[in-house]
Amino acid sequence: MAPKGPMADPVEASSYFHPSGGAPYAPLRERVVAQATAMGYDVPTMTEHGVAWADDQDPFGHVGGATYIHLIFKCNFRLFESFAKALKHKYEGLFRATEVGVLTKTYATDLKRQVTYPDCLLTAARITEVKPDRYFCVTSIWSYRQQAIVAETSGYVVFFDYQKGKIANLLEYGDVYADLHADLTERSKTSTALNEKWVQDNPKLARKNQGPKL
């Protein structure tokens, strides 16, 4: 069935590429960002990606798995950048991997729904647990047109001393590293509380975000 309304015009349907963000996508974007915020995802590090016909789709006409991974790592890199406020002068060492930095240890991705061009995607991360030498994180991708999570990654990142070649315990390193641990711990508590409340208040939407049973 051909799309109706403003999405019936191909230029409007891909208007997320326009500097204005595309009028048809404004209410879709607003609802998804509001939902992600209420679910406890980190707002300052959210990222947006407009699906490109040639770059993002596989031979079957769907957004390929590699694109999801690229978007997830892009968002998580912005999450790393948010550590600068706590690390202050030590952030450059993390960014350049010359002192205590970060290392993605493991992750698993659940592809929940197929996405096709045209569409625009929001990626957001939330920290679920923090330990002295690592933190656990969930990163989700929403489709504006489907108004649902289409892919989700869970895993953990370790703090690594690149000078000594070993995992770093932030509390033992103290100073700004202890400040970073405290900041991440507080973020995790806030995120978890918001997420639990949202799931309790929105059981139908929570089931929708789980994707179809396969």
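Q: What volume does the largest cavity have?
A: About 150 Å³. Bear in mind that this is a predicted model.

Q: How many cavities of 30 Å³ or more does the count come to?
A: One.

Q: Which residues lie nearest the centre of the largest cavity?
A: Asn 76, Thr 104, Tyr 107, Thr 153 and Val 157. They belong to a lining of 15 residues.

Q: Which element gives the largest share of that cavity lining?
A: Strand 5, with five residues. Helix 4, strand 2 and strand 4 each supply at least two residues as well.

Q: How do the residues of the cavity lining divide by class?
A: Eight are nonpolar and seven are polar. No charged residue is in the lining of the largest cavity.

Q: Switching to pockets. How much space lies in the largest pocket?
A: About 190 Å³. Strand 5 (148–161), helix 8 (175–201) and helix 9 (203–209) each give two or more residues to its lining.

Q: Which of them gives the largest share?
A: Helix 8, with three residues.

Q: Which residues line the largest pocket?
A: Among them are Met 39, Tyr 41, Lys 112, Arg 126, Ile 149 and Glu 152. Asn 195, Trp 198 and Val 199 are also in the lining. By class, the pocket lining has six nonpolar, three polar and three charged residues.

Q: Tyr 41 caught my eye. What does Tyr 41 touch?
A: Leaving out residues up to four places away in sequence, Tyr 41 touches several residues, including Ala 124, Ala 125, Arg 126, Trp 142, Ile 149 and Glu 152. Tyr 41 also belongs to the largest nonpolar core, where it is one of the residues with the most contacts, along with Ile 141 and Trp 142.

Q: How many residues does that core have?
A: The largest nonpolar core has 29. Strand 3 gives the largest share, four residues. Helix 2 (26–38), helix 4 (65–81), strand 4 (134–143) and strand 5 also give two or more residues to this core.

Q: What lies apart from it?
A: Another core, of 23 residues. Cys 75, Leu 79, Leu 87 and Ile 127 are among them.

Q: Back to helix 8. How many residues does helix 8 have, and how far does it reach?
A: Helix 8 has 27 residues. From its first C-alpha to its last it reaches 40 Å, close to the 39 Å expected.

Q: Which residues are buried in helix 8?
A: Among them are Val 176, Leu 180, Leu 184, Arg 187, Ser 191, Asn 195 and Trp 198. In an α-helix, residues three or four places apart point the same way, because there are 3.6 residues a turn.

Q: Why does Arg 187 count as buried?
A: Because its relative accessibility is 18%, and buried means under 20%.

Q: What does Arg 187 touch?
A: Asp 42, Leu 79, Ser 82 and Phe 83, not counting residues up to four places away in sequence. Leu 79 is also in the core of 23 residues.

Q: Last one. Where does Thr 116 lie?
A: In the loop between strand 2 (100–111) and strand 3 (120–131).

Q: Is Thr 116 buried, exposed or partly exposed?
A: Partly exposed, because its relative accessibility is 38%.

Q: What is Thr 116 in contact with?
A: Gln 57, Gly 61 and His 62, leaving aside its neighbours within four places in sequence.

Q: How far apart are Thr 116 and Thr 185?
A: They are 69 residues apart in sequence. In space, Thr 116 and Thr 185 are 37 Å apart, C-alpha to C-alpha.

Notes
Residues are numbered from 1 along each chain as its sequence is written. This is a predicted model: local features need pLDDT of at least 70, side-chain atom pairs count only at pLDDT 80 or more; totals for chains, interfaces and linings use all residues. Side-chain values use heavy atoms; hydrogens and water are left out. On a 1 Å grid over the protein atoms alone, a cavity is a set of points where a 1.4 Å probe fits but cannot get out, and a pocket is an open set with protein on both sides within 12 Å along at least five of seven lines; lining residues have an atom within 4 Å of a point. Grid points are joined across faces, edges and corners, and a volume is the space filled by probe spheres set on the points. Ala, Val, Leu, Ile, Met, Phe, Trp, Tyr, Cys and Pro count as nonpolar, Asp, Glu, Lys and Arg as charged, and the others, Gly among them, as polar. Buried means under 20% relative accessible area, exposed over 50%, partly exposed in between (1.4 Å probe, protein chains only). Contact means heavy atoms within 4.5 Å. A nonpolar core is a set of buried Ala, Val, Leu, Ile, Met, Phe, Trp, Tyr and Cys residues joined through side-chain atoms within 4.5 Å. The expected span of a helix is 1.5 Å times one less than its number of residues.
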